[in-house]
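Colleague: I am new to reading protein models, and I would like to learn how the labels are earned. Could we go through one together?

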Amino acid sequence: MTAQLEYPDPQESDALLSIQGLWKVFGPKPARVPHHPELAALSREDLYRRTGCTAAVRDLSFDVAPGEVFVVMGLSGSGKSTLVRCLTRLVEPTAGRLIFEGEDLRAADERRLRTLRRSKFSMVFQHFGLLPHRKVIDNVSYGLEVRGEGKADRKRRAQEVIDLVGLRGNENLYPEQLSGGMQQRVGLARALANDPDVLLFDEPFSALDPLIRREMQTEVVRLHREVGKTMVFITHDLSEALKLGDRILLMRDGAAVQFGTGDELVGAPADDYVREFVRDVPRADVLTLRWIARRPRDGEPLDGPELGPDVLVREATRLVLESDRPVKVVSAGQLLGVIGDEEILAVVADS
Ligand SMILES: Nc1ncnc2c1ncn2[C@@H]1O[C@H](COP(=O)(O)OP(=O)(O)OP(=O)(O)O)[C@@H](O)[C@H]1O
Ligand SMILES: [Mg+2]
């Protein structure tokens with residue numbers, strides 16, 4: 001029994017990276033699982049009991065747009081690292097398609113893959129993976145050296161990205177002389193030095209303490225603004241996902257539970273798993289007015305102040321509470337709804 005899998009034509013998509021029906025199954029004879037409807041439908045535990053296989057990634061499909069920050073989130077064991085490693089075939093997918101800039105990555109040979117990994121993708125890991133006997137500047141320029149670039153070019157480029165990540169003055173130190181946060185800045189600089197099209201981050205900040213971690217998140221937001229790279233960012237931390245992600249994929253047991261923007265996950269969680277995940281976020285900082293606007297009641301005055309649907313609840317709180325008329329939520333001249341004190345307080349009290 002073989003399930004017929006159909007995919008859209010990659011040439012028609014404007015995605016930078018398109019993942020279609022991707023599976024990674026570990027264990028004996030893994031290839032039979034994705035195409036066997038009965039096995040493919042089993043839960044992770046049942047599949048393991050029946051076959052000894054673990055489906056670390058199961059039937060994922062999504063596109064990453066050029067320039068976007070795509071966040072993959074999920075609890076430990078949900079398959080995040082396996083997924084991100086599949087994207088450059090550091091882990092070999094079991095089934096599905098990987099299309100990068102219109103090229104079928106699963107058809108690429110080893111040589112082509114090495115070239116792609118050196119020139120198009122860079123990875124930043126949780127454990128920084130720096131070479132201990134090399135100075136900061138030589139760690140940063142390592143990839144350029146592997147690529148065979150001349151010494152003067154290497155040095156110039158390394159200095160450029162060292163400045164970019166705020167490490168100027170530390171070029172000649174060794175990794176052990178740096179704090180964790182600074183070491184991860186070296187990791188970032190090393191990833192940027194290659195001038196890749198896509199930066200892949202696998203929980204890069206989870207070993208850092210919370211203050212430094214927030215500082216590094218801000219740094220990534222800034223870098224993204226400055227260099228505009230496409231990023232795939234893995235994290236199990238919701239606040240990190242909300243801070244960085246244009247879109248978020250929430251995974252559970254290898255499968256997609258929900259795709260969406262942060263406010264979509266918080267405003268309309270797909271199920272109890274997502275609801276549990278987003279339970280503790282300060283909703284007023286994530287939800288926008290479109291999520292809480294309601295229809296005007298009969299006879300309600302409609303001459304109150306106007307705000308756009310994308311204004312955060314937190315930012316609108318003062319105006320709504322101070323106004324003695326409901327605030328109108330208006331987009332392109334259209335009244336989407338109104339917001340009064342109750343709507344605002346229901347969210348703010350919960351944050
Ligand atoms: N090489 C392997 N062989 C067998 N099973 C594996 C292998 N690598 C990963 N797995 C299994 O696949 C599942 C997903 O693992 P993965 O490391 O991708 O999760 P993760 O979401 O990155 O977790 P964490 O947040 O802890 O890093 C786990 O059940 C894991 O045990
Ligand atoms: Mg992981």
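Colleague: Where is the place of Ala332?

Modeller: Happy to help! Keep in mind that this is a predicted model. Ala332 sits in the loop between strand E12 (327-331) and strand E13 (334-339).

Colleague: What makes Ala332 count as exposed?

Modeller: Its relative accessibility is 82%, and the word exposed is used for values over 50%. Therefore Ala332 counts as exposed. The phi of Ala332 is also near 45°, a positive value in a residue other than glycine.

Colleague: And Arg89, where does that residue lie, and is Arg89 buried or exposed?

Modeller: Arg89 lies in the loop between helix H3 (80-87) and strand E4 (95-100). Its relative accessibility is 12%, and buried means under 20%, so Arg89 counts as buried. Arg89 has a positive phi too, near 60°, and is a residue other than glycine.

Colleague: Let's turn to rings. How many aromatic pairs does the count come to?

Modeller: The count comes to six aromatic pairs. One of them joins Phe100 and Phe121.

Colleague: Why is the pair of Phe100 and Phe121 called tilted?

Modeller: Two values decide. The ring centres are 4.7 Å apart, and a pair needs centres within 6.5 Å. The planes meet at 40°, while stacked needs under 30 degrees and edge-to-face over 60. The angle fits neither of those two labels, so the pair is tilted. Phe100 lies in strand E4 and Phe121 in strand E6 (residues 121-124), so this pair ties together parts that are 21 residues apart in sequence. Phe100 and Phe121 are both buried.

Colleague: What makes Phe201 and Phe233 a tilted pair?

Modeller: The reasoning runs along similar lines. Their rings are 5.0 Å centre to centre, with 35° between the planes. That distance is within 6.5 Å, and the angle is neither under 30 degrees nor over 60, so tilted is the label that remains. Phe201 belongs to strand E7 (residues 198-202) and Phe233 to strand E8 (residues 230-235), so the pair ties together parts that are 32 residues apart in sequence. Phe201 and Phe233 are buried as well.

Colleague: Which residues form one aromatic cluster?

Modeller: Phe62, Phe70 and Phe259 do.

Colleague: Now to charges. How do you know that Asp195 and Lys229 meet in a salt bridge?

Modeller: Their side chains come to 2.5 Å, N to O. The cut-off is within 4 Å, so the pair of Asp195 and Lys229 qualifies. Asp195 lies in the loop between helix H8 (180-193) and E7, and Lys229 in the loop between helix H9 (210-227) and E8, so the bridge ties together parts that are 34 residues apart in sequence. Asp195 is partly exposed at 44%, whereas Lys229 is buried at 12%.

Colleague: What about Glu219 and Arg222, where do they lie?

Modeller: Both lie in helix H9, three residues apart, about one turn of the helix. Their side chains also meet in a salt bridge, at 2.5 Å, N to O. Glu219 has 10% relative accessibility, under the 20% limit, so Glu219 counts as buried. Arg222, at 23%, falls between 20% and 50%, so Arg222 is partly exposed. These two belong to a network of salt bridges that links Arg185, Glu215, Glu219, Arg222 and Glu226. By this rule, the count for the model comes to 34 salt bridges.

Colleague: Last topic, the ligand. Which residues come nearest to ligand 1?

Modeller: Of the 13 residues around ligand 1, Ser76, Gly77, Lys80, Ser81 and Thr82 come nearest.

Colleague: What makes the approach of Thr82 to ligand 1 a polar contact?

Modeller: A polar side-chain atom of Thr82 lies 2.5 Å from an oxygen atom of ligand 1. The limit is 3.5 Å, so this counts as a polar contact. In the side chain of Ser81, an N or O atom is 2.9 Å from an oxygen atom of ligand 1. Taken alone, ligand 1 exposes 640 Å², and the protein buries 58% of that. H3 gives the most to the shell around ligand 1, with three residues.

Technical notes:
Residues numbered from 1 in each chain as written. Chains lettered and ligands numbered in written order. Predicted model: local features only at pLDDT ≥ 70, side-chain atom pairs only at ≥ 80, totals over all residues. Heavy atoms only, no water. Helix = DSSP H or I, 4+ residues; strand = E, 2+ residues; numbered from the N terminus. Buried < 20%, exposed > 50% of the residue type's maximum accessible area, 1.4 Å probe, protein only. Near = heavy atom within 4 Å. Polar contact = N/O pair within 3.5 Å; in protein donor to acceptor, adjacent residues only side chain to side chain. Areas by Shrake-Rupley, 256 points an atom, 1.4 Å probe, with all protein chains shown as cover.
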